[in-house]
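Trainee: I should like to understand the reasoning behind the terms used for this structure. May we go through them one at a time?

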Amino acid sequence: MAQSIHDFHDDPRNADIRIWVNGALKARAEATVSVFDSGFVLGDGVWEGLRVVDGHPVFLDEHLDRLFEGAKAIALDIGLDRRALTRAVYDTLAANGMRDGVHLRLMVSRGVKRTPYQDPRVTIGPATVVIIPEHKMAKPETLARGLDLFTVHVRRGYPDVQDPKLNSHSKLNCITACIQATAAGADEALMLDPHGFVATCNSTHFFIVRRGEVWTSTGDYCLGGITRANVLRACREAGIHCFEKNFSLSQVYSADEAFTTGTFAGLAPVRMIDGRVIGDGTPGPMVARLQALYRGLVERDVAVRAAEQLA
């Protein structure tokens, strides 16, 4: 989950973090890239956000799957295989003495260009790979109160314009949505698809609960969320009826519960949407149940990764 500025407390320890830049661990003030870097010039790259629990990046395999699929889609050679990236992530955590309460950003751009021009053929170096670990946790008070959402005019587009499945550096449509939601006093933007159905939020995925059923969008116009997929998996394992389907704002406003999902905060309840209070305005029983089920999936993943490291 990409985080809102309202969701976390700044941690003074982050001033002293060491950042992995193309194989070198650098102090925060020295962790820089060229002004000719493809990511800076054009937003040309892919990235992943990871949550660290008990010293392990949660659902790392799924995140690396998405990273390499995105890189393949834009013909970007990361230059490192999965094993090397995994080692870089763990080396970065070890260098910073980090085990819990950590959010990690893994970013890959196409690399340095000889001139600021969009054609990938003017790239003159290997991909730029950066790993930024930070001490960062969602505010307990935000999770207890619930989020306020605002439906924005910015839509999630068709895949032949800019495929929403790509977790690319270029996020201007989401940034524009975020700006509009912030101006409206909301925590996050709710975005519709080109047909007017609910798609997703600007940095998280969106779910509602109606009569004991869990609904989320078809997924056609949103990123393939790791947490989203795990919540759906948790529902199916627990026998909770869940559906990926089209639904409208009218159905959202009358929902019993609503919540967002993402790597950063897991499941976050939604209190209000466009001035309509959802349910009774407090986190509901389904959200609490799913939060517990999701924690169970996290614990299982961490246990498997810990066992693999000991083997």
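Trainee: Why is C174 counted as buried or exposed?

Mentor: This is a predicted model, and in it C174 has a relative accessibility of 7%. Buried means under 20%, so C174 counts as buried.

Trainee: How do you know whether C174 is in a disulfide?

Mentor: A disulfide requires two cysteine sulfur atoms within 2.5 Å. The nearest cysteine sulfur to that of C174 belongs to C178 and is 9.2 Å away, so C174 does not meet the cut-off of 2.5 Å. By this rule the number of disulfides is zero.

Trainee: What is found for C242, and which cysteine sulfur is nearest?

Mentor: The sulfur of C235 is the nearest, at 4.6 Å, and C242 is in no disulfide. C242 has 14% relative accessibility and therefore counts as buried. C242 is also among the 21 residues of a nonpolar core, which include A234, F259 and V302.

Trainee: What makes α7 and α9 parallel, perpendicular or oblique?

Mentor: Helix α7 (residues 226-238) packs against helix α9 (residues 285-310) at an angle of about 105°, and their axes are 9 Å apart. Angles of 65 to 115 degrees count as roughly perpendicular, so α7 is roughly perpendicular to α9.

Trainee: Which residues meet there, and of what classes are they?

Mentor: From α7 the contact includes T227, N230, V231 and A234, and from α9 it includes L290, L293, Y294 and L297. By class, eight residues of this contact are nonpolar, two are polar and four are charged.

Trainee: What is notable about phi in R211 and D274?

Mentor: Phi is positive in each, although neither residue is glycine: near 50° for R211 and near 55° for D274. R211 lies in the loop between β10 (205-210) and β11 (213-216), while D274 lies in the loop between β14 (266-273) and β15 (276-277).

Trainee: Why are R211 and D274 called buried or exposed?

Mentor: R211 has 70% relative accessibility and so counts as exposed, the cut-off being over 50%. D274, at 18%, counts as buried, because the limit for that term is under 20%.

Trainee: Which residues touch the most other members of the largest nonpolar core?

Mentor: They are L67, I78, L106 and V108, in a core of 26 residues. Among the elements that each supply at least two residues of this core are β3 (45-53), α2 (60-73) and β5 (102-109). V108 touches, among others, V46, L67, L76, I78 and V129.

Technical notes
Residues are numbered from 1 along each chain as its sequence is written. This is a predicted model: local features need pLDDT of at least 70, side-chain atom pairs count only at pLDDT 80 or more; totals for chains, interfaces and linings use all residues. Side-chain values use heavy atoms; hydrogens and water are left out. A nonpolar core is a set of buried Ala, Val, Leu, Ile, Met, Phe, Trp, Tyr and Cys residues joined through side-chain atoms within 4.5 Å. Buried means under 20% relative accessible area, exposed over 50%, partly exposed in between (1.4 Å probe, protein chains only). Helices (H or I, at least four residues) and strands (E, at least two) are DSSP runs, numbered from the N terminus. Contact means heavy atoms within 4.5 Å. Axes are lines fitted to C-alpha atoms, for helices over the stretch in contact, and angles run from 0 to 180 degrees between N-to-C directions. Angles under 35 degrees count as roughly parallel, over 145 as roughly antiparallel, 65 to 115 as roughly perpendicular and the rest as oblique. Ala, Val, Leu, Ile, Met, Phe, Trp, Tyr, Cys and Pro count as nonpolar, Asp, Glu, Lys and Arg as charged, and the others, Gly among them, as polar. Lists of a residue's contacts leave out its neighbours within four places in sequence.
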